[in-house]
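Q: I've never read a protein structure before. Could you walk me through one, feature by feature?

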Amino acid sequence: MMQENKVTQAIQAIGLFSGGLDSILACRVIAEQGIRVRALKFVTPFFDHDLLAREKEYQQEVVEKYGLDVELVDLTAGYIELLRNPSHGFGKNFNPCIDCKIMMLRKAKELMEEYGASFLITGEVIGQRPMSQRRDTLNLIERDADCRDLLLRPLSAQLMNPSLPEREGLVDRERLYKFSGRGRKPQIALARELGITDFPAPAGGCVLTDPNLATRIRRFYEGLYLIGKDEITTADIQLLLLGRQFRLPGGHWLVLGRNEQENDRLAELCEQDDWLLYMPERPGPTALLRRGSTLITGLEEEGEILGAVAGLVIRYGRKVKGEFSPGEVFFQKGEEQKMLRAEVVSDEVFQEWIV
Ligand code: SF4
């Protein structure tokens, strides 16, 4: 009987679900009041994109661990654009947290009608993060996302003015919380109360907050390579997060795999106008030169760049009798394929190409 009730209950709230403890708790606190919660997990190439390939399995995990229905929402297209110029700027690294939250809330609001939801939930806690969770920033986020009054933050709700679902009696304000600040103790205690034991450690997941990767992405957006800000694609971002990166003379973008898995991934990401090189007879990296066929048209430049890329393939490949000896390198450019004889590039030459 209980089960039947649960299934026939109308969906009443959409929860923004990062997968972190606060978002789990926020959704569960509302679900505990008998409200059906649809958790939305947003993904982009900068965070959690891999889940798209295993959505069913992930949904199953979330139901089993937290008793929540989760759905993935891919924000890639808008997100690549957002990073070009976020209105509220960046955090410590290349993380546009305020605009990111606004974008997620806007999308969630758009989906309310489809899901029959009457309000939105987030796991934000006042004062927990220096930039994006100050009280004035929380106000700004809900204003710019145009969801003032529709947004309930169950973990800090008692420190805020009652939202519409509280005023209308959909949610019992007395059973919400007044957590604030950076401490995690109240959240951990609440998790224990709700029987939640297996949850991820705070932070992690978003490469835009990782100092090294964020720098790599920022420089890419700033035009490090011969690829315009306006031409950036999802596959470019996936390439950017892989392997060893080089900026060759002339601004060409080269990526070398560091292991078999990365080599396979590079071959998958290779597009019609990319160059692909590797040594068939010696273990070593696969090299992908992005848009080589479009950007390199002169024979002289083609020869120089080809020599550099093939030389790096040898330099990062296995030595023969203790040396990086000349070898055969396979080269593919569109439909054209050939074998080249190449020599190693010396360390002094390529050091300045390393990104
Ligand atoms: S850390 Fe990343 S995912 Fe989280 S709000 Fe900031 S930009 Fe968005």
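A: Sure! Keep in mind that this is a predicted model. Let's begin with one residue: at 37% relative accessibility, K65 counts as partly exposed.

Q: Which residue does the side chain of K65 meet in a salt bridge?
A: The general idea is to look for a Lys or Arg side-chain nitrogen within 4 Å of a carboxyl oxygen of Asp or Glu. Here the partner of K65 is D198, at 3.5 Å from N to O. D198 is partly exposed too, with a relative accessible area of 42%.

Q: Why would I care where those two sit in the sequence?
A: D198 belongs to the loop between α8 (185–193) and α9 (211–221), while K65 is in helix α3 (residues 55–66), so the pair ties together parts that are 133 residues apart in sequence.

Q: How many salt bridges are there by this rule?
A: The count is 31. One of them joins D136 and R134, whose closest N and O atoms are 3.2 Å apart. D136 is partly exposed at 45% relative accessibility, and R134 is partly exposed at 43%. Another pair is K338 with E336, where the closest N and O atoms are 3.8 Å apart. K338 has 34% relative accessibility, which counts as partly exposed, and E336 is partly exposed at 34% as well.

Q: Which residues are linked in a network of salt bridges?
A: Look for E231, D236, E271, D274, R290 and R291; salt bridges link them in a network.

Q: Now the strands. In what order do the six strands of the open sheet come?
A: Read across the sheet instead of along the chain. You get β6-β7-β9-β8-β10-β11, with antiparallel pairing. The edges are β6 (244–248) and β11 (336–342), each with a single partner strand, so one side of each has no neighbour in the sheet. On average, neighbouring strands here are turned by 20 degrees against each other, direction ignored.

Q: How do I zoom in on a single pairing?
A: Follow the bridges. Strand β8 (residues 275–278) pairs with strand β10 (residues 327–333) over four bridges, in the antiparallel sense. For example, L277 has F331 in β10 as its bridge partner. On to the next pair: β10 and β11 are antiparallel and joined by seven bridges. There, F330 has M339 in β11 as its bridge partner.

Q: What do β10 and β11 form, and how many residues lie between them?
A: They form a hairpin with two residues between them. Check G334 in the turn, which has a positive phi of about 60 degrees.

Q: And where do the side chains of a strand point?
A: In a regular strand, they alternate between the two faces of the sheet.

Q: Which helix lies across β7, β8 and β9?
A: That's α11 (residues 260–269). Compare its direction with β7 (252–256): the helix runs at about 140 degrees to that strand.

Q: Do parallel pairings look any different on the page?
A: Just follow the direction of each strand. Strand β2 and strand β3 (residues 69–74) run parallel and are joined by six bridges. One bridge to spot is R38 with its partner D69 in β3. Seven of the eight residues of strand β2 (residues 36–43) are buried, so the strand is largely enclosed by the rest of the structure.

Q: Is I24 buried or exposed?
A: The step here is to compare the relative accessible area with a cut-off: under 20% means buried. I24, found in helix α2 (residues 21–31), has 0% and counts as buried. Leaving out residues up to four places away in sequence, I24 touches F17, G19, Y66, L68, I196, F199 and P200. And remember K65? Its C-alpha atom is 10.0 Å from that of I24, although the two are 41 residues apart along the chain.

Q: What about L68, one of those contacts?
A: L68 lies in the loop between α3 and β3. It is buried, with a relative accessible area of 2%. With the same sequence neighbours left out, L68 touches F17, I24, C27, R28, V62 and V63. The C-alpha atoms of L68 and G15 are separated by 9.9 Å, with their positions 53 residues apart along the chain.

Q: Last one: which residues are around the ligand?
A: They are F47, Y79, P96, C97, C100, C206 and T209. Sort such a shell by residue type, and this one gives six nonpolar, one polar and no charged.

Terms used. Residues numbered from 1 in each chain as written. Predicted model: local features only at pLDDT ≥ 70, side-chain atom pairs only at ≥ 80, totals over all residues. Heavy atoms only, no water. Pairing = 2+ DSSP bridges. Axes fitted to C-alpha atoms, helices over the stretch in contact; angles between N-to-C directions. Contact = heavy atoms within 4.5 Å. Buried < 20%, exposed > 50% of the residue type's maximum accessible area, 1.4 Å probe, protein only. Near = heavy atom within 4 Å. Nonpolar A, V, L, I, M, F, W, Y, C, P; charged D, E, K, R; others polar.
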